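Please read the following note with the structure open beside you, and look up each pair of residues as it comes up.

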Amino acid sequence: MILVTGAGGKTGRALLAALAGRGLPARAFVRSAEQAASAHAAGAVETVTGDLMNPGNLARACAGCNQLYLICPNMHPAEESIGRAVIRAAQAAGVQKFVYHSVLHPQLEAMPHHWSKLRVEALVFESSLPFAILQPCAYMQNTLSQVEAIAAAGFMEVPYNLETRHSLVDLADVAAAAAEILASGAYTDGIYELAGPQALNQHDIAAALSAALGRPIAARQLPPKTWAARNPGLPEYARASLLAMFRHYDRHGLRGSPAVLAAILGRPPATFAQAAARLYG
Ligand SMILES: NC(=O)c1ccc[n+]([C@@H]2O[C@H](COP(=O)([O-])OP(=O)(O)OC[C@H]3O[C@@H](n4cnc5c(N)ncnc54)[C@H](OP(=O)(O)O)[C@@H]3O)[C@@H](O)[C@H]2O)c1
């Protein structure tokens, strides 16, 4: 049995579907009855409802699982302590393989949500558990999930330079790679960068959306202050981390090689145009 945490979220549901597709039984750790229903619908065979910050909930969730896939909540200030608690629970339950969903370039200290993942990676090494660490680039689905609003507006907006390049990756490919890493012993004790096949700027992304939607879509740059004013309710850590991420993206983008993902999948990873056509073509 594979315990998947954060299983009610975007990444978790994609992984549950990929595991179900391969006949690998998964127990979803979620934090509400609503998320339990969506985890079941995605393919979980069991669900456990609880809080990742609660050691008793974690012990209950881990019992009887031989593998654990740690997906931490997005932009969470306590990622390091959540990682420590989940590792302890996995050790106590005798989990045989610990897989951590990290991020591409966790070494970037200027982005707090990347840096905290580097700290969790170190805790994974220090746990002495057999492990695998996945380091995905930003998902294509972050943009594709907005496509109806983009189509209605005729433009997409980002709060950083339109020219910098990002190796966006298809979440379905990330989930397929994660399922392969859980299914096979070949990946134990390794770190895997998961990047898409093209380093795209925002004009490239807009062009791919234009082709998929059959109507012109422009890319526009939004001042970070305007973005912040439009998102007043964000928790402080998430707001500060996102602004730090936009500063990094503005200067450097986020680029990675698709070679590792292609090797795990045994095929080229999907392009943005292919993912867009699949969802909205
Ligand atoms: N999105 C990307 O492009 C990307 C790329 C690379 C890596 N990642 C990483 O992937 C991870 C998951 O991202 P995501 O986009 O899938 O996030 P998500 O959709 O927000 O999913 C996270 C899930 O964790 C749950 N959660 C939050 N706090 C919890 C707690 N205390 N106890 C139990 N569950 C809790 C959330 O529930 P609620 O909805 O109730 O809060 C949600 O269901 C993050 O660590 C992120 O950094 C994301």
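The points below take up one helix packing and then three salt bridges.

1. As a caution before anything else, please keep in mind that this is a predicted model, and that the values quoted below are computed from it.

2. The packing of two helices is the place to begin. Two packed helices are described by the angle between their axes and by the distance between those axes. Here helix α3, which covers residues 55-62, packs against helix α4, residues 79-93, at an angle of about 45 degrees, and their axes are 9 Å apart. That angle makes α3 oblique to α4, because an angle counts as oblique when it falls outside the ranges for roughly parallel (under 35 degrees), roughly antiparallel (over 145) and roughly perpendicular (65 to 115). The crossing in which α3 passes α4 is right-handed.

3. Which residues in α3 and α4 meet? From α3 come L58, A59 and C62, and from α4 come A85, V86, A89, A90 and A93. Sorted by class, the contact of α3 with α4 has eight nonpolar residues, with no polar and no charged ones.

4. The salt bridges come next, and the count for the model is nine. One of them joins the side chains of K117 and E79, with 2.9 Å from N to O. K117 lies in helix α5 (residues 112-126) whereas E79 lies in helix α4, so this pair ties together parts that are 38 residues apart in sequence. Both K117 and E79 are buried, a word that stands for a relative accessible area under 20%.

5. Helix α4 also holds a salt bridge between the side chains of R84 and E80, and here the N to O value is 3.5 Å. These two residues, R84 and E80, are four residues apart in α4, which is about one turn of the helix. R84 counts as partly exposed because its relative accessibility is 32%, and E80 is partly exposed as well, with a relative accessible area of 28%.

6. Finally, the side chains of R267 and D173 meet in a salt bridge at 2.8 Å, N to O. R267 lies in the loop between α12 (259-265) and α13 (272-280), while D173 lies in helix α8 (residues 171-183), so the pair ties together parts that are 94 residues apart in sequence. Is each partner buried or partly exposed? R267 is partly exposed, since its relative accessible area is 38%, whereas D173, at 3% relative accessibility, counts as buried.

Note on methods: Residues are numbered from 1 along each chain as its sequence is written. This is a predicted model: local features need pLDDT of at least 70, side-chain atom pairs count only at pLDDT 80 or more; totals for chains, interfaces and linings use all residues. Side-chain values use heavy atoms; hydrogens and water are left out. Axes are lines fitted to C-alpha atoms, for helices over the stretch in contact, and angles run from 0 to 180 degrees between N-to-C directions. A crossing is left-handed if the near helix is turned anticlockwise from the far one by less than a right angle, and right-handed if clockwise. Contact means heavy atoms within 4.5 Å. Ala, Val, Leu, Ile, Met, Phe, Trp, Tyr, Cys and Pro count as nonpolar, Asp, Glu, Lys and Arg as charged, and the others, Gly among them, as polar. A salt bridge is a side-chain nitrogen of Lys or Arg within 4 Å of a carboxyl oxygen of Asp or Glu. Buried means under 20% relative accessible area, exposed over 50%, partly exposed in between (1.4 Å probe, protein chains only).
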